[in-house]
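Please look at the model shown here with its sequence. The report below covers the protein–DNA contacts, then the fold and the symmetry.

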Protein chains: 2
Amino acid sequence: MSPKNPSRIGSQSRAPALIFAALGDATRLRLVARLCGGEPRSISDLTRGSRLTRQAITKHLSVLQNAGVVCRFRSGRHSLFKFHPQPIDALRDYLDFVSEQWDHALARLKSLVER
Amino acid sequence: MSPKNPSRIGSQSRAPALIFAALGDATRLRLVARLCGGEPRSISDLTRGSRLTRQAITKHLSVLQNAGVVCRFRSGRHSLFKFHPQPIDALRDYLDFVSEQWDHALARLKSLVER
DNA sequence: CTAATCTGCAACCTGGAGGTTGCACAATAT
DNA sequence: ATATTGTGCAACCTCCAGGTTGCAGATTAG
């Protein structure tokens with residue numbers, strides 16, 4: 001079971017679903033886009049440039065944190081969030097596996113037709 | 001703006017959020033896993049091997065169809081669903097871009113420290 | 001022809017997602 | 001010392017996602 005292979009795809013895959021769901025919201029996607037740019041940012045910082053309330057942003061950040069996409073730490077009175085790449089890499093592997101599966105299916109079909 | 005570059009990441013990205021959300025459910029992920037294996041499958045076929053109702057499965061398939069991950073066509077009294085790879089490829093590109101962005105950030109930070 | 005199968009549509013229920021307001025408190029500016 | 005700023009927590013609201021049951025209509029099997 002190589003690390004490139006999402007173990008038992010589709011059966012015991014609660015983790016990927018959690019991460020996909022975390023990214024399945026435009027607001028959270030925007031937050032990720034800002035955070036993957038580098039510097040950690042505070043809640044109020046991330047709230048600027050959004051029409052939502054600070055509390056709403058906080059909830060979204062909690063969802064991202066719960067999925068592991070982001071990690072949180074305090075500095076003084078600021079609550080800072082930093083991007084964490086591992087779950088994104090896991091999803092890339094997952095999607096690669098799905099594509100690969102599909103390509104194999106196409107190849108099988110083609111060889112069947114050509115026979 | 002290369003095709004590898006998800007245009008204006010985070011700003012006008014409603015489409016990716018839709019696709020991510022469609023995959024953000026364990027049941028739907030299982031459906032995708034079965035469908036990307038090749039042959040189109042009918043609703044009742046996909047319902048076997050799930051503890052859910054046919055109607056529930058139908059709703060999940062509609063969500064996937066709405067995201068473009070799957071396409072539907074009828075054959076006799078069967079409603080068949082076939083995997084459609086484009087949205088998955090779009091997500092791969094999206095995640096690649098995020099990772100790339102993060103790698104650039106790390107590289108900038110490193111060069112700053114080494115200076 | 002008749003029975004079994006596959007599907008679509010509609011009504012309905014329940015929990016939680018996503019958003020808000022309000023308040024209390026810690027940390028920093030001035 | 002005081003005002004401002006950044007957070008956390010809790011209560012509350014609304015709406016929809018995810019599930020179910022029930023029924024009627026096609027289509028195919030026997």
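A base oxygen of DNA strand C is 2.5 Å from an N or O atom in the side chain of Lys59(A). Such a pair is a polar contact, defined as N or O atoms within 3.5 Å; within protein, one must be able to donate a hydrogen and the other to accept it, and residues adjacent in sequence count only if both atoms are side-chain atoms. This is a predicted model: local features need pLDDT of at least 70, side-chain atom pairs count only at pLDDT 80 or more, and totals for chains, interfaces and linings use all residues. Residues are numbered from 1 along each chain as its sequence is written, chains are lettered from A and ligands numbered from 1 in the order in which they are written, and side-chain values use heavy atoms, leaving out hydrogens and water.

**Polar contacts to DNA**

The table lists polar contacts on both strands.

| Protein group | DNA group | Distance |
|---|---|---|
| Thr53(A), side-chain N or O | strand C, phosphate oxygen | 2.4 Å |
| Arg72(B), polar side-chain atom | strand C, phosphate oxygen | 3.3 Å |
| Ser44(A), backbone N or O | strand D, phosphate oxygen | 2.8 Å |
| His60(B), polar side-chain atom | strand D, phosphate oxygen | 2.3 Å |
| Arg77(B), side-chain N or O | strand D, base oxygen | 3.2 Å |

**Surface near DNA strand D**

Elements giving two or more residues here are helix H3 (43-47), helix H4 (54-66), strand E2 (70-75) and strand E3 (78-83) of chain A, together with helix H4 (54-66) of chain B. Helices (H or I, at least four residues) and strands (E, at least two) are DSSP runs, numbered from the N terminus. H4(B) gives the most, with 4 residues. In total, 21 residues surround DNA strand D. The closest are Arg54(A), Arg77(A), Thr53(B), Lys59(B) and His60(B). A residue is near a strand if one of its heavy atoms lies within 4 Å of it. Of the atoms of strand D within 4 Å of the protein, 63% belong to sugar or phosphate. The rest belong to bases. By class, the surface has 3 nonpolar, 9 polar and 9 charged residues. Ala, Val, Leu, Ile, Met, Phe, Trp, Tyr, Cys and Pro count as nonpolar, Asp, Glu, Lys and Arg as charged, and the others, Gly among them, as polar.

**Surface near DNA strand C**

Here too, 21 residues surround the strand. The closest are Thr53(A), Lys59(A), His60(A), Ser44(B) and Arg54(B). Sugar and phosphate account for 60% of the strand C atoms that come within 4 Å of the protein. H4(A) gives the most to this surface, with 4 residues. The residues divide into 3 nonpolar, 9 polar and 9 charged.

**Fold and symmetry**

Chain A has 5 helices and 3 strands. From the N terminus on, they run α-α-β-α-α-β-β-α. Of its 115 residues, 41% count as buried, meaning under 20% relative accessible area, with exposed over 50% and partly exposed in between (1.4 Å probe, protein chains only). In H5(A), the buried residues include Leu91(A), Phe97(A) and Trp102(A).

How does chain A relate to chain B, by what turn and what shift? Chain A can be laid on chain B with an RMSD of 0.0 Å by a turn of 180° and a shift of 0.0 Å along the axis. The two copies are thus related as by a two-fold rotation axis. Superposition is by least squares on the C-alpha atoms of residues with pLDDT of at least 70 in both.
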